[in-house]
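Me: I'm new to this one, so I'd like to ask why things get the labels they get. Could you show me the structure before we start?

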Amino acid sequence: MNAPTTRRLTVAQALVEFLAHQYTERDGRRHRLISACWGIFGHGNVAGIGQALLESGDALPYLQGRNEQAMVHAAVGYARQCDRLSAQAVTTSIGPGATNLVTGAALATVNRLPVLLLPGDVFATRSADPVLQQLEVPSAGDVSVNDALRPVSRYFDRVTRPEALIPAALQAVRVLADPVDTGAVTLALPQDVQAEAYDWPEEFFADRVWRVARPAPDAGALAEAVQAIRGARRPLLIAGGGVHHSEAEEALRAFADATGVPVASTQAGKGSLRHDHPADVGGIGHTGTATADALAREADLVIGVGTRYTDFTTASSTLFAAPGVRFVNLNIAPFDAHKLGAASLVADARAGLEALTGALSGHRVAAAYEAGYRAAKEEWERRVDAAYGAADDSVRPSQTQVLGALDGIVDDTDVIINAAGSLPGDLHKLWRARSRRQYHLEYGYSCMGYEIPAAIGVRLAAPDRPVWALVGDGTYLMNPTEIVTAVQEGVNITVVLIQNHGYASIGGLSEATGGERFGTAYRFRAGDGTYTGAPLPVDLAANAASLGMDVLRAATVGELRAALVKARGANRPTCVYVETETADTVPGAPDAQAWWDVPVAETATRPAAVAAREAYDRHAAGRRRHL
């Protein structure tokens with residue numbers, strides 16, 4: 001009997017070789033599970049994973065980043081654009097490099113997006129103890145800074161012996177490929193173990209295909225959902241990110257065409273229907289449209305498809321106000337399907353929608369209901385036109401007019417990326433999504449600094465699509481470093497940099513909650529201690545140019561349009577810089593159509609906070625639990 005074939009490699013070499021042979025498959029299409037590895041090298045990974053990546057060549061391509069958190073963001077942007085069927089890895093050193101992964105890992109896990117984290121770790125053998133940057137915990141000798149990644153990882157393992165890599169690696173890729181469990185996956189790699197050699201069974205390196213199934217709904221649960229929909233007079237469907245991840249947009253369109261049920265969308269689900277589809281009523285919740293939120297308040301049945309029902313979607317449990325409102329939730333994750341006391345339909349979004357459409361054959365909402373929401377949709381579109389329009393091309397644009405100018409030049413192929421600040425609210429209300437992956441908002445974690453690195457990840461996944469990173473000055477100052485990465489790697493993205501001299505979103509929230517915009521402006525400190533002086537003499541456009549971008553400055557609406565057109569046709573990373581008009585006399589986005597619960601001081605001496613608390617109590621009285 002022949003002995004099993006083995007290959008002698010270090011742990012790092014074996015891991016890289018293993019990852020190069022992992023695939024996902026859905027609907028008969030195969031994808032590389034880990035397409036590349038981002039890395040910043042230091043002690044803890046330079047002589048392990050770094051050496052292994054150098055030897056691997058094109059088997060597992062290497063991408064150089066500037067900031068560890070940003071590398072995770074780039075990988076997450078890539079995974080989302082690939083519908084979670086392909087992902088990327090990120091490797092770091094053992095100290096600050098490893099802890100810098102925590103925010104990116106949280107973002108990935110909150111948004112259910114796969115990313116593989118490979119931080120270096122301290123010596124497993126304790127031969128050098130304490131090593132440089134080691135966290136010493138007197139009561140626990142097996143703790144390192146990497147343990148900070150445990151609560152934000154869907155799977156975590158520390159590989160302290162070579163042979164332990166085999167089960168750890170298999171579990172890691174299982175989680176990455178599982179649409180229910182996916183998120184950040186961490187394999188902490190002690191630096192001595194990375195460099196240790198072992199005789200690996202050859203079959204560890206064979207091609208392995210992880211099939212992503214489309215589970216169909218249970219027949220009984222389907223019958224219950226169909227009965228609820230047939231009995232509803234004012235149903236509303238909420239499309240979440242699961243619609244996109246499942247590639248269920250056509251199935252959703254077929255459902256809406258057949259039944260006439262209106263479709264609202266979360267931030268993650270926007271674009272599930274094209275903006276001009278008759279049943280698309282826009283964003284829902286605190287940043288939603290008047291049309292969608294009015295329908296939600298009166299709905300007697302809410303059909304959630306691939307949504308987590310965050311507080312922005314539910315308006316902090318105040319939006320679904322009809323006395324007898326019930327819920328049907330179609331979700332691949334049982335945890336989400338059971339929310340709000342729903343009749344749960346645990347299934348793939350596409351498979352579930354197709355089953356519902358077939359079982360509802362011949363059923364359609366009342367003509368008056370359909371006509372009513374269509375008329376409300378047309379009225380909202382007129383409000384969008386008013387927010388986008390500018391009477392004079394020679395004036396400084398408002399933020400919504402910046403979006404209007406961009407809306408006028410994009411087509412179905414463009415991708416718009418944003419994550420935090422006041423832009424997500426404006427975009428959710430106003431943006432006219434033209435295709436399934438045009439609208440890319442990271443709002444599960446609302447992480448400032450996500451946009452530029454995510455744009456790089458999206459462009460790597462979709463090299464033929466124009467990619468726009470929309471950032472305010474606050475976000476830009478958080479994390480501009482990956483501009484250098486885009487320039488170095490030749491990744492053609494466009495950054496639209498909007499200067500409004502402060503945190504506009506939090507400034508507005510501060511004002512609404514009695515905080516009087518304290519600490520939210522980028523201005524000199526005035527004599528009374530407040531930050532109300534002149535704007536700081538900061539030139540962010542010059543900064544972007546110094547990092548290697550071509551920069552186009554736009555001072556007026558007309559110049560902005562011209563700059564956006566030029567940037568879209570550019571063949572290298574380009575920044576369009578515009579300072580926006582913030583005066584109250586300039587039309588902006590419509591006010592919030594629903595509440596959001598941000599607790600206000602119960603006792604205060606300043607009148608603004610006292611008034612804000614009174615308003616808070618009025619809104620909070622409308623909260624309810626759906627059981």
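Me: Why is Asp539 called partly exposed?
Reply: This is a predicted model, and in it Asp539 has 37% relative accessibility. Buried would need under 20% and exposed over 50%, so at 37% Asp539 counts as partly exposed.

Me: What makes Arg553 and Asp539 a salt bridge?
Reply: Their side chains meet with N to O at 3.0 Å. The cut-off is within 4 Å, between a side-chain nitrogen of Lys or Arg and a carboxyl oxygen of Asp or Glu, so 3.0 Å for this Arg and Asp qualifies. The two sit in distant parts of the chain, 14 residues apart: Arg553 is in strand E22, and Asp539 is in the loop between helix H21 and helix H22.

Me: And which label does Arg553 get, buried, partly exposed or exposed?
Reply: Partly exposed, with a relative accessible area of 49%. Exposed starts over 50%, so 49% doesn't get there.

Me: How do you know that Asp336 is buried?
Reply: Asp336 has 1% relative accessibility. Buried means under 20%, so the label fits. Its side chain meets that of Lys339 in a salt bridge, 2.8 Å from N to O. Lys339, at 22%, counts as partly exposed, because buried needs a value under 20%.

Me: Why do Glu370 and Arg364 count as a salt bridge?
Reply: Their closest N and O atoms are 2.7 Å apart, and the limit is within 4 Å, so they count. As for the labels, Glu370 is buried at 9%, while Arg364 is partly exposed at 37%.

Me: How many salt bridges are there in the structure?
Reply: There are 39.

Me: What makes Strand E20 and strand E21 a pair?
Reply: They have five bridges, in the parallel sense. Two strands pair with at least two bridges, so five is enough. Trp468 stands opposite Thr494 in E21.

Me: Why are strand E19 and strand E22 called edge strands?
Reply: The open sheet has six strands in the order E19-E18-E20-E21-E23-E22, with parallel pairing. Strand E19 and strand E22 each pair on one side only, and that is what earns them the name. Neighbouring strands of this sheet are turned by 20 degrees against each other on average, direction ignored.

Me: Which strands does helix H17 touch?
Reply: Helix H17 packs on the sheet and touches E18, E19, E20 and E21. The direction of helix H17 makes about 150 degrees with that of E19.

Definitions and conventions. Residues are numbered from 1 along each chain as its sequence is written. This is a predicted model: local features need pLDDT of at least 70, side-chain atom pairs count only at pLDDT 80 or more; totals for chains, interfaces and linings use all residues. Side-chain values use heavy atoms; hydrogens and water are left out. Helices (H or I, at least four residues) and strands (E, at least two) are DSSP runs, numbered from the N terminus. Axes are lines fitted to C-alpha atoms, for helices over the stretch in contact, and angles run from 0 to 180 degrees between N-to-C directions. Contact means heavy atoms within 4.5 Å. Buried means under 20% relative accessible area, exposed over 50%, partly exposed in between (1.4 Å probe, protein chains only).
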